[in-house]
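Me: I'm a first-year student, and I'd like a close look at the aromatic rings in this model. Please set the scene briefly, then walk me through the ring pairs.

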Amino acid sequence: MPKQVGDEVAVIDATGKYVMPGGIDPHTHLDAEFMGTVAVDDFFSGQAAALAGGTTMHIDFAHPVNGSLMAGFEAYDKKAKKSCMDYGFHMVITNWDESVSREMEIMVKEKGINSFKFFMAYKGSFMINDELLLQGLKRCKSLGALAMVHAENGDAVYEGQKRMIELGITGPEGHALSRPPVLEGEATARAIRLASFVNTPIYVVHVMSIEAMEEIAKARKSGQKVIGEPVVSGLVLDDSVLWDPDFITAAKYVMSPPIRESGNNKALQAALSTGLLQLVGTDHCTFNSTQKAFGIDDFRKIPNGVNGIEERMHLVWDTMVESGQVSISDYVRITSTECAKIFNIYPRKGAILAGSDADIIIFNPNSSFEISVSSHHSRTDTNVYDGRKGKGKVEVTIAGGRVVWQDDELKAVPGSGKYIQMPPFSYLFNGIGKADAKFLSSLKAPVNRFKSAT
């Protein structure tokens, strides 16, 4: 006999469908100030789009304000007041001094931030050098915070950009040609080796190329704690779109690292299916066609970013599950559970258990989806997945126990989202102390030398 429930309880029939934890997107940029403009999706529109696509939490990147992490946190806390789903923050580190080091501790111990991002690219703005990266890695280790890297060689990219302009290549294709996979592979290898030198875990964001993926695989095989995050665009698209004769069409695909040539996407899918890469983000950072047109005469001025926060759950299912590359339980892991574990919020998030937050989706594997710029919930007037169709559909999204998406109707409420504090020392830090002790005992140093009598 079905259990009787009270009149105030809604009953949703999920017969023949999958009930699973809501998605968690580890990599978004809402209301982000970048390249002289501001992303069109804010913390309401971006999150509303996420809910319509079955994602119930995301982790955004807070940037310092005038070098201050606290001022940056407060600015992003204010931006997020209109949130309609739960969210957390990573913090970006762009400069280094004692006050930054002190503020990192405040972020971890008082503000619920357990990850810090370092850009090895964007020379002249966000880019940091190896000295700063080393200081940052050491500080992350002492705080139990996860270091994250955007891995491209920024100095070489700058040279590549100059080379393209000198050759008269000013369109979106110049973006891809100026920052080839070898520069992503080099920076990924360098970041991994420096993290090994410090002995601290490292998370490589938006892994776009075979070169970067192979560096991660090699390090993981040796036992190093490295997390590799592909993004949806890298898994399903290829760079042929950047050669489209229509500028606006081509420019909408400009992001960094660039979408790579065909073959990289299939290799990243395979790496995800075998566990060499661990979870899927989006790097959702949307600019409209007017903003993208800032670079109509110079690809260096095209704001970098694509959409994906609404499309991720559907595209990962269609690309990975329907193709037989991952199981349904692996789908839950790469879209939700692993993210919750890495950022130390499991089982509050990423699970359907007693005591977990009621972030749940009902997924119909026998239904289908179609992505359209005319019906998506993002504020941008372009969509890099426009026209794509596939199997499987999120039919119901429940966030914090409230039905927010059902029958293709969105019921997002501004201000209903909660900030989720993420504690330090996730499972990635297990065994770090033992490894340090083993290293010290292996040194056979300092050597006790006799001083010769004079």
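Reply: Happy to! Let's start from the outside: the chain has an accessible surface of about 19000 Å², and 52% of that belongs to carbon and sulfur atoms (areas come from the Shrake-Rupley method with a 1.4 Å probe, and for residues only the protein chains shown count as cover). Keep in mind that this is a predicted model, where local features need pLDDT of at least 70 and side-chain atom pairs count only at pLDDT 80 or more, while totals for chains, interfaces and linings use all residues. Residues are numbered from 1 along each chain as its sequence is written, and side-chain values use heavy atoms, with hydrogens and water left out.

Of the 454 residues of the chain, 57% count as buried (under 20% relative accessible area, with exposed over 50% and partly exposed in between, using a 1.4 Å probe and protein chains only). The chain is built with 15 helices and 14 strands (DSSP runs numbered from the N terminus: H or I of at least four residues for helices, E of at least two for strands). Its C-alpha atoms fill a box of roughly 95 × 60 × 45 Å along the principal axes.

Now to the rings. A pair of aromatic rings is described by the distance of the centres and the angle of the planes. Rings of Phe, Tyr and Trp (its six-membered ring) pair if their centres lie within 6.5 Å; planes under 30 degrees apart count as stacked, over 60 as edge-to-face and the rest as tilted. By this rule there are 20 aromatic pairs.

Take Tyr18 and Trp317: their ring centres are 5.9 Å apart and their planes stand at 45 degrees, so this pair is tilted. Tyr18 belongs to strand β1 (residues 18-21) and Trp317 to helix α13 (residues 312-321), so the pair ties together parts that are 299 residues apart in sequence. The two partners also differ in cover: Tyr18 is partly exposed, at 32% relative accessibility, whereas Trp317 is buried, at 2%.

Compare that with Phe425 and Phe429, whose ring centres lie 5.6 Å apart with planes at 70 degrees, so this pair is edge-to-face. Here Phe425 is partly exposed, with 48% relative accessibility, while Phe429, at 10%, is buried.

Finally, rings can join up beyond a single pair. Ring pairs link Phe43, Phe73, Tyr76, Tyr87, Phe89 and Tyr419 into a cluster. Try finding those six side chains in the viewer!
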